[in-house]
Amino acid sequence: MKMSELIRQIGQRIRNYRVQKGFSQERLAELSGCHPTYIGQIERGEKNATLESIEKISSALKIPLSTLFEKLEPQNASQSIPLQCYELLLAQSKEEQEQLFHILSSIIKYREEK
């Protein structure tokens, strides 16, 4: 995986968790002690954040640092569908995740009953 891809994926995950928590970039910056512009640059994959900054951000989001790094894979046309689903669900709020899980479970149950 190229470094730029890793930086982009970490930034996207930070954005996903920030949105999930209902924080603005400014609020996350305030809680983490980082500048709002820096938060935006990290989220867009424009800045290679230090581990110290990423740790401050994960702490402000109240998620383990390891969560931002789990299941990182190169994103390309051959990327696995389960990983794509994981990233899609990660971007949703907790309530939306529960609803999507219920919908998916219902579809699978319906197919099994046929």
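Which residue forms a salt bridge with glutamate 43, the closest N and O atoms being 2.5 Å apart? The points below address this pair and its surroundings.

1. **Status of the model.** The structure is a predicted model. The protein chain has an average pLDDT of 87, and 93% of its residues score at least 70. Among the elements of the chain, the highest mean pLDDT, 97, belongs to helix H2 (residues 25–32), and the lowest, 78, to helix H5 (residues 81–90).

2. **The pair raised at the outset.** The partner of glutamate 43 in that contact is arginine 18, with the closest N and O atoms 2.5 Å apart. Because arginine 18 lies in helix H1 and glutamate 43 in helix H3, this salt bridge ties together parts that are 25 residues apart in sequence. Arginine 18 has a relative accessible area of 9% and is therefore buried.

3. **A further partner for glutamate 43.** Arginine 15 also meets glutamate 43 in a salt bridge, at 3.5 Å from N to O. This pair likewise links distant parts of the chain, with arginine 15 in helix H1 and glutamate 43 in helix H3 (residues 36–43), 28 residues apart. The relative accessibility of glutamate 43 is 2%, so this residue counts as buried. Arginine 15, at 23%, counts as partly exposed, because the buried class requires a value under 20%.

4. **A salt bridge between arginine 44 and glutamate 46.** The side chains of these two residues meet at 3.0 Å, N to O. Arginine 44 has a relative accessible area of 42% and is partly exposed. Glutamate 46 reaches 51% and is classed as exposed, since that class begins over 50%.

5. **Network and total.** Through shared partners, salt bridges join Arg15, Arg18 and Glu43 into one network. Over the whole structure, a search finds 6 salt bridges, among them the pairs of arginine 15 with glutamate 43, arginine 18 with glutamate 43, and arginine 44 with glutamate 46.

6. **Helix H5.** Which residues of H5 are buried? They are Leu83, Glu87 and Leu90. Viewed down the axis of H5, the buried residues fall within an arc of 65°, so they line one face of the helix. Ile81, Pro82 and Leu88, on the other side of H5, are exposed. The cover over the buried residues of H5 includes helix H1 (3–21) and helix H6 (94–113). In reading this arrangement, it should be kept in view that H5 has the lowest mean pLDDT among the elements of the chain, 78.

Notes: Residues are numbered from 1 along each chain as its sequence is written. This is a predicted model: local features need pLDDT of at least 70, side-chain atom pairs count only at pLDDT 80 or more; totals for chains, interfaces and linings use all residues. Side-chain values use heavy atoms; hydrogens and water are left out. pLDDT is the predictor's confidence in each residue, from 0 to 100. Helices (H or I, at least four residues) and strands (E, at least two) are DSSP runs, numbered from the N terminus. Buried means under 20% relative accessible area, exposed over 50%, partly exposed in between (1.4 Å probe, protein chains only). The arc is that of the directions from the helix axis to the C-beta atoms. Contact means heavy atoms within 4.5 Å. A salt bridge is a side-chain nitrogen of Lys or Arg within 4 Å of a carboxyl oxygen of Asp or Glu.
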